[in-house]
Amino acid sequence: MNSENHTRHGSQVTGVKAPARVVFTGDFSDRYTGGVKEFEIEAKNLRGVIKTLDELYPGLGEHLEKETTVAIDGEIHEVGYYQPVRPGCEIFFIPKIEGG
Amino acid sequence: MSATITSGKKKLKLVGTRPVRPDGVPKVTGLARFGADYSLPGMLWGKILRSPHAHARIRSIDTSKAQALPGVKAVITSADLPEQEFEYVGPERVAVNFWHMTRNIMAREKVLYEGHAVAAVAAISRTVADEALRLIKVDYEVLPHVINVEEAMQPDAPLLFEDMITRGVEPAPNKPSNISKRIELKIGDLEAGFAAADEIVEGSFKTAPVHQGYIEPQACLARFDPDGQAELWASSQGHFVIRALTARLLGMDIGNLRVYPAEIGGGFGGKNVPYVEPVALALSRKSGHPVKIVMSREEVFKACGPAPGSSMTVRIGVRKDGKIVAADGLFKFQAGAVPGSPVMNACMCAFSPYDIPNVRTVGYDVVCNRPKTAAYRAPGSPISAYAVENVIDMVAARIGMDPLRFRLENIARPGTPTVSGPKHTHEGFAETIQALMQHPGYTAPLGKNQGRGFASGYWFNNGGESSAAVHVNEDGTVLVATGSADLSGTRASIALMAAETLGIDYDKVRPIVADTASIGYSHISAGSRTTFATGIAVVDACKKVIGDLCARAAMIWDVNAEDVVWEDGCARCTGNKAGECEPLSLKAIAAKRSVTGGPIVAEVSVNAGGVAPGFATEFCDVEVDPETGAVKVLRFVAAQDVGRAIHPAYVEGQIQGGAAQGIGWALNEEYIYDEAGRLTNAGFLDYRVPVASDLPRIEAVLVEVLNPNHPFGAKGVGEANIVPSLAAVANAVSRAIGRRMTELPMSPPKILKAVNGEQ
């Protein structure tokens, strides 16, 4: 299943021209999306991305919020609704980071 | 000796200086209060009965004689803690299953390692408590045990959990095993990558579990009041997390538990989770008295998590021109008695320093009859780096390239994808290699039986939730409260950042660590996050205070607030009345606190992102005694990208500490079990950590490639330093004796075997 089949428009978005590429890593996709790892989503912030994914896979949003760290164009952040999503950016949900 | 190499340094007055730490005097005079230093009227002593067996079913526990002993006020078993739902919750990499956690705190159906807690007593003295423990009768059915990770993975291995089905395997296995989880990460086409290689080098390696070696054993004082309110004084890396986990394990509301942070005598990851806190609180709840528990060193070794042991195989393919084209890593980690080793970290970090188009990492999390592993300084990464950097060294030798030049030719740069997906975004790795290439020791001649080893390493670093409050006192002094435990001198770096932002002297700032009822949530001091994330909260709070001070100055001068700026610790008027208004210092404005609006306070909470990872490259010279197999470390040079070194002396201390722990991991430290699965070296006399006389002066080279996402450019500095150390020592020893050593620790008997050709 390719990512084009999963293009969605975030409900909060207006005037966004290029969708963000959203990618899951690890076995996260096996657990929650039937193995689909890539999506194209239009949203202005991370809230829009999570909301769209939760509409596709009910319950996924809560797991993303609790279990992952997000890398937006490589910069790693804690998952926060307020994180801006630039058109055309690359978003990876990766296992949350903890250290010693 | 140390050196600093800095890029983009702007002029700062305080950040980058080396003042005395605010918590220094109480610590050197013995007045600082650690976990064991708290007492309350009516306090009882808690003691824990521990399993003498590595693996046994608990048929029954008879506590009646202990309860009847005069002076005993309470006896608890697992029946006094609520059962927990079987569910993995929280982040995948560090998922917690409270069903497992409560069983680790106090055994239920089975004991899973020697030292596993079985029951606990609270009594009027330690002597009475010890006597009561001897009166508790536990009927065990002793079971076969398994310690080694490879043996634990065998189909006929004794099972710790008869219903454990490996997660991460499709379809799910139809038989239980000790393999809790399988992880696989990959990018590119591994087969095509190896097909394009001119040389392929493979090696298999083993590491022993090692303890964090903190000086202060776990200790706490707990008080549970009849109204359900409770207080806890504990030494930990994060009192908010201790509060949350302890409340959950006792079935309490978080709001009913207040945790006060004691000073911490070392943690290194080992004090991220509770051990004695839920037990002390349960004993207090049952007895109605405050209860103190202080672990012995033997208990720390037998019951508190070490870093995992491992068995690993790494294969790397390279072209003749020195370009790495494929890499494959298999990492089997001991989780200890319940699932949860840092094997995910190992898989994610292993090849991250390098630009390799085709990579696969596979990890296994395996339970066995030894204490549950805990985090230890960049958890997982030093172990996988040990295997990878050995093979990198072997590859460089195979194609005849200088080992540092070979690494430099293959480094990851911004835009290079990692095996977990995201691309690198920060520089800093190349600079650490170049710093060592410029070091005079890099080309210094070596003598007989001597060798030089190089290695590099990567660690994510962390951000996350932190809170800070800034209070301006009426005399112009400033209190800065945070919720972050100070493991490493972070109060000094916080005071420096606050003083620099406010424009006041360092000694006018008093930094404290506030309890869970006095400051907003702050995550554990782990992942090298405190100076970065809490530092952002502190600077933001100072900026809010500056805004308030400017508004008050405008009120004093009767000008618009927009006409006031803050420069060099003073409010200055820039508008039409600029010539009439003398600058107002923080102290002068604070003196008019009441008439300008009351207390001057700002509290800020953040969820800090924009973390920059840590890279380190190290080299080590050793001399091996061919008669005894003993290794002497002659020189150790560690270059680390630290972003801005807020307090350089403490950053150097972090690098030296990480390297020292890595040297111990490489040469001496291991758990030694007898045939019954009992630990035989549970003390610092027999578990050999390096002491000062074992080590040379470790040269710290601070490479300062600033992080644009922090107000002063800081990056985490506490962990990346240990990542290369194991491999740097191993590569040096292997080159000194002319044979590849493949198992840690490289103790004298193993080296003698290798020297004599018996390996």
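Trainee: How many residues does the contact take from chain A, and how many from chain B?

Mentor: The contact takes 23 residues from chain A and 35 from chain B, where two residues are in contact if their C-beta atoms, placed from the backbone, lie within 7 Å. This is a predicted model, in which local features need pLDDT of at least 70 and side-chain atom pairs count only at pLDDT 80 or more, while totals for chains, interfaces and linings use all residues. Residues are numbered from 1 along each chain as its sequence is written, and chains are lettered from A and ligands numbered from 1 in the order in which they are written.

Trainee: Which elements give two or more residues to the side of chain A that touches chain B?

Mentor: They are helices H1 (28–32) and H3 (60–67) together with strands S5 (75–78) and S6 (90–95) of chain A, helices (H or I, at least four residues) and strands (E, at least two) being DSSP runs numbered from the N terminus. The largest share, 4 residues, comes from S5(A).

Trainee: What makes chain B as compact as a globular protein of that length?

Mentor: Chain B has 19 helices and 29 strands. Its radius of gyration, taken over C-alpha atoms, is 27 Å, and the globule rule (2.2 Å times the number of residues to the power 0.38) gives 27 Å for 759 residues, so chain B is as compact as a globular protein of that length. The C-alpha atoms of chain B fill a box of roughly 85 × 75 × 50 Å along the principal axes.

Trainee: Into which domains is chain B divided?

Mentor: An automatic or database domain assignment divides chain B into domain 1 (426–457 + 613–759) and domain 2 (464–608). Their C-alpha centres lie 40 Å apart, and 14 residues of domain 1 are in contact with 14 residues of domain 2.

Trainee: Why are H14(B) and H15(B) called roughly parallel to each other?

Mentor: Helix H14 (residues 490–502) and helix H15 (residues 530–557) of chain B pack at an angle of about 30 degrees, with their axes 9 Å apart. Angles under 35 degrees count as roughly parallel, and H14(B) and H15(B) are therefore roughly parallel to each other. Their crossing is right-handed, that is, the near helix is turned clockwise from the far one by less than a right angle.

Trainee: Which residues in H14(B) and H15(B) meet?

Mentor: Among those in H14(B) are B:Ile494, B:Met497 and B:Leu502, and among those in H15(B) are B:Val538, B:Val539 and B:Lys543. The residues of this contact divide into 8 nonpolar, 7 polar and 1 charged.

Terms used: Axes fitted to C-alpha atoms, helices over the stretch in contact; angles between N-to-C directions. Parallel < 35°, antiparallel > 145°, perpendicular 65-115°, else oblique. Nonpolar A, V, L, I, M, F, W, Y, C, P; charged D, E, K, R; others polar.
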